[in-house]
Amino acid sequence: MVQDGTFKTRDSTWTCESTRMAAAPPSYCFVAFPPRAKDGLVVFGKNSARPRDEVQEVVYFSAADHQPESKVECTYISIDQVPRTHAIMISRPAWLWGAEMGANEHGVCIANEAINTREPAAEIEALLGMDLVRLGLERGETAKEALDVIVSLLEEHGQGGNYYEDANSCHSFQSAYLIVDRDEAWVLETVGKYWAAEKVTEGVRCICNQLSLTTKMDAEHPELRSYAQSQGWWTGEGEFNFSEVFSPVEDHLDCGAGKDSLEKQEESITVQTMMNTLRDKASGVCIDSESFLTTASGVSVLPQNRSFPCIHYFTGTPDPSRSIFKPFIFVDDVKLVPKTQSPCFGDDDPAKKEPRFQEKPDRRHELYKAHEWARAVIESDQEQGRKLRSTMLELEKQGLEAMEEILTSSEPLDPAEVGDLFYDCVDTEIKFFK
């Protein structure tokens with residue numbers, strides 16, 4: 001952003017009436033490893049705190065081969081495509097290309113958080129943090145490979161651009177990522193093209209909208225420390241503490257209660273534990289404020305025993321305390337689910353035309369519309385709402401029990417039985433709401 005309130009794109013500028021909206025609340029992402037997690041399972045969970053009226057869609061993209069020298073059009077810029085991309089299932093704000101969270105066919109899960117750092121995020125349009133989530137999933141077979149993909153693209157293209165579909169709000173952020181597979185997780189935190197990362201293989205780890213890396217860094221940008229010195233943020237003496245060096249001088253955001261919510265669990269952490277944590281409003285993990293809402297949630301279970309499949313659960317609807325987590329498993333013939341996909345506006349989409357976001361089209365998909373009815377009932381009629389909520393949880397419980405059987409069965413998974421899994425769950429949910 002330049003001083004007169006215009007927002008720079010690569011080719012032009014467009015004007016914003018205001019450059020700030022209400023400060024975003026913390027958005028949480030967790031991972032738990034055995035023995036804290038139950039039965040040799042790695043459990044991953046993410047809440048996406050976004051503007052209240054934003055629609056998230058859940059979309060599957062199959063693995064694909066690409067022509068040499070072809071390009072991929074991300075949210076704001078096009079970059080070189082790779083020869084082959086992996087199959088992915090993502091939850092994303094419907095107006096952009098990338099993803100808030102998702103998984104790929106190799107058992108890699110990634111989510112990101114917008115963070116504020118000592119260095120303001122670039123507002124020239126580049127790759128969004130959410131674009132880098134999707135690119136990491138499409139191109140990485142392991143968590144470490146996905147990390148390498150993200151940092152190399154960050155170096156080449158930079159990060160920046162408006163994170164909200166709003167002509168009156170030019171908010172750009174730096175990003176932090178939690179990148180997980182069956183064996184390990186990487187916490188990656190970025191400041192412009194500079195970054196640091198920590199490998200995690202045990203216990204519970206949470207990231208939210210603050211820098212969390214301190215003196216333990218297992219990988220970092222080769223010029224990270226010299227850059228900090230050049231800015232006068234580090235003297236070059238003593239131990240290098242990433243968050244102390246790069247956090248804003250006044251960082252009032254408190255992620256403490258949310259971070260403690262999973263770590264204080266005394267029993268083994270299960271899929272249900274993770275879902276309960278994401279539904280917890282008292283701790284601040286589940287957001288429901290005047291401007292912001294947890295607009296979508298996801299949980300993944302990654303068995304360390306590779307003979308069992310990874311299982312991924314998505315809500316596709318706002319507020320996990322009033323939503324159903326629905327399971328998905330990667331197989332060769334996945335049935336697509338149009339009912340969780342938002343309308344496509346093509347080149348007429350106001351997010352693609354410059355100046356951007358001059359209009360706000362109706363991006364609600366069929367599941368979202370059906371779920372609006374359920375939310376209205378829960379809010380307006382206490383008795384009917386309680387019954388509805390109870391039935392919703394019963395539907396979810398049936399899905400969890402079916403998935404538990406898959407993870408404890410001695411029989412190999414029959415792909416034909418689960419190709420329609422997410423489709424059928426969404427269909428049942430919509431019929432139930434009607």
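**Exercise 1. The whole chain**

What radius of gyration would a compact globule with 434 residues have, and what does the protein chain have?

*Solution.* Keep in mind that this is a predicted model. Step one is the expectation: for 434 residues, the globule rule gives a radius of gyration near 22 Å. Step two is the comparison: the protein chain has 21 Å, which agrees with that value. Step three adds the outline, since along the principal axes the C-alpha atoms fill a box of roughly 55 × 50 × 45 Å. Step four looks at the cover: buried residues make up 58% of the 434 residues. The exposed area is about 18400 Å², and carbon and sulfur atoms supply 45% of it. Last come the contacts. Taking those between residues at least 6 apart in sequence, 69% join residues at least 24 apart. The elements to work with are 10 helices and 20 strands.

**Exercise 2. Checking a helix**

Work out whether the end-to-end distance of helix 8 fits its number of residues, then describe its N-terminal end and its buried residues.

*Solution.* Begin with the count: helix 8 covers residues 382-408, which is 27 residues. The expected span is 1.5 Å times one less than that number, so helix 8 should span 39 Å. In the model, its end C-alpha atoms are 38 Å apart, in agreement with the expectation. Next, look at the N-terminal end. D381 acts as a cap there, with a side-chain oxygen 3.2 Å from the backbone nitrogen of E383. Finally, pick out the buried residues: G385, L388, R389, M392, E396, G399, L400, M403, I406 and L407. Remember R389 and E396, as both names return in Exercise 4.

**Exercise 3. A strand with two neighbours**

Find the partners of strand 13 and decide how its two faces are covered.

*Solution.* Take the partners one at a time. Strand 12 (residues 109-115) pairs with strand 13 in the antiparallel sense over 7 bridges, and one of the pairs puts A176 opposite E113. Strand 14 (residues 185-191) is also antiparallel to strand 13, here over 5 bridges. In that pairing, I179 stands opposite W186. These two strands form a hairpin, with 4 residues between them.

Now turn to the faces. On one side sit Q174, A176, L178 and V180, and on the other S175, Y177 and I179; all are buried. That matches the tally for strand 13 (residues 174-180), where 7 of 7 residues are buried.

For practice, try strand 5 (residues 56-61) too. Of its 6 residues, 5 are buried. Strand 5 runs antiparallel to strand 10 (residues 88-93), with 6 bridges joining them, and V58 has S91 as its bridge partner.

**Exercise 4. Helix 6 and the loop residue after it**

Describe the start and the cover of helix 6, then place R279 in its surroundings.

*Solution.* At the start of helix 6, a side-chain oxygen of T270 comes to within 3.3 Å of the backbone nitrogen of Q272. Helix 6 is mostly covered, with 6 of its 8 residues buried: V271, T273, M274, M275, T277 and L278. Among the elements that cover these buried residues are helix 5 (256-263), strand 18 and helix 8.

Move on to R279, in the loop between helix 6 (271-278) and strand 18 (292-303). Is R279 buried or exposed? Its relative accessibility is 10% and the cut-off for buried is under 20%, so R279 counts as buried. Its contacts beyond four places in sequence include Q272, F325, R389, L393 and E396. Among these, R389 and E396 are also buried residues of helix 8. The side chain of R279 also reaches the backbone oxygen of P320, at 2.6 Å.

**Exercise 5. A serine in a loop**

Locate S212, classify its accessibility and find its polar partner.

*Solution.* First, the location: S212 is in the loop between strand 16 (204-207) and strand 17 (219-220). Second, the class: S212 counts as buried because its relative accessibility is 18%, which is under the 20% cut-off. Third, the partner: the S212 side chain makes a polar contact of 2.7 Å with the side chain of E189. Beyond residues up to four places away in sequence, S212 touches V187, E189, R205, I207, S243 and K259.

Conventions: Residues are numbered from 1 along each chain as its sequence is written. This is a predicted model: local features need pLDDT of at least 70, side-chain atom pairs count only at pLDDT 80 or more; totals for chains, interfaces and linings use all residues. Side-chain values use heavy atoms; hydrogens and water are left out. Buried means under 20% relative accessible area, exposed over 50%, partly exposed in between (1.4 Å probe, protein chains only). A polar contact is a pair of N or O atoms within 3.5 Å; within protein, one must be able to donate a hydrogen and the other to accept it, and residues adjacent in sequence count only if both atoms are side-chain atoms. Contact means heavy atoms within 4.5 Å. Two strands pair if DSSP finds at least two bridges between them. The radius of gyration is taken over C-alpha atoms; the globule rule is 2.2 Å times the number of residues to the power 0.38. Accessible areas come from the Shrake-Rupley method with a 1.4 Å probe; for residues, only the protein chains shown count as cover.
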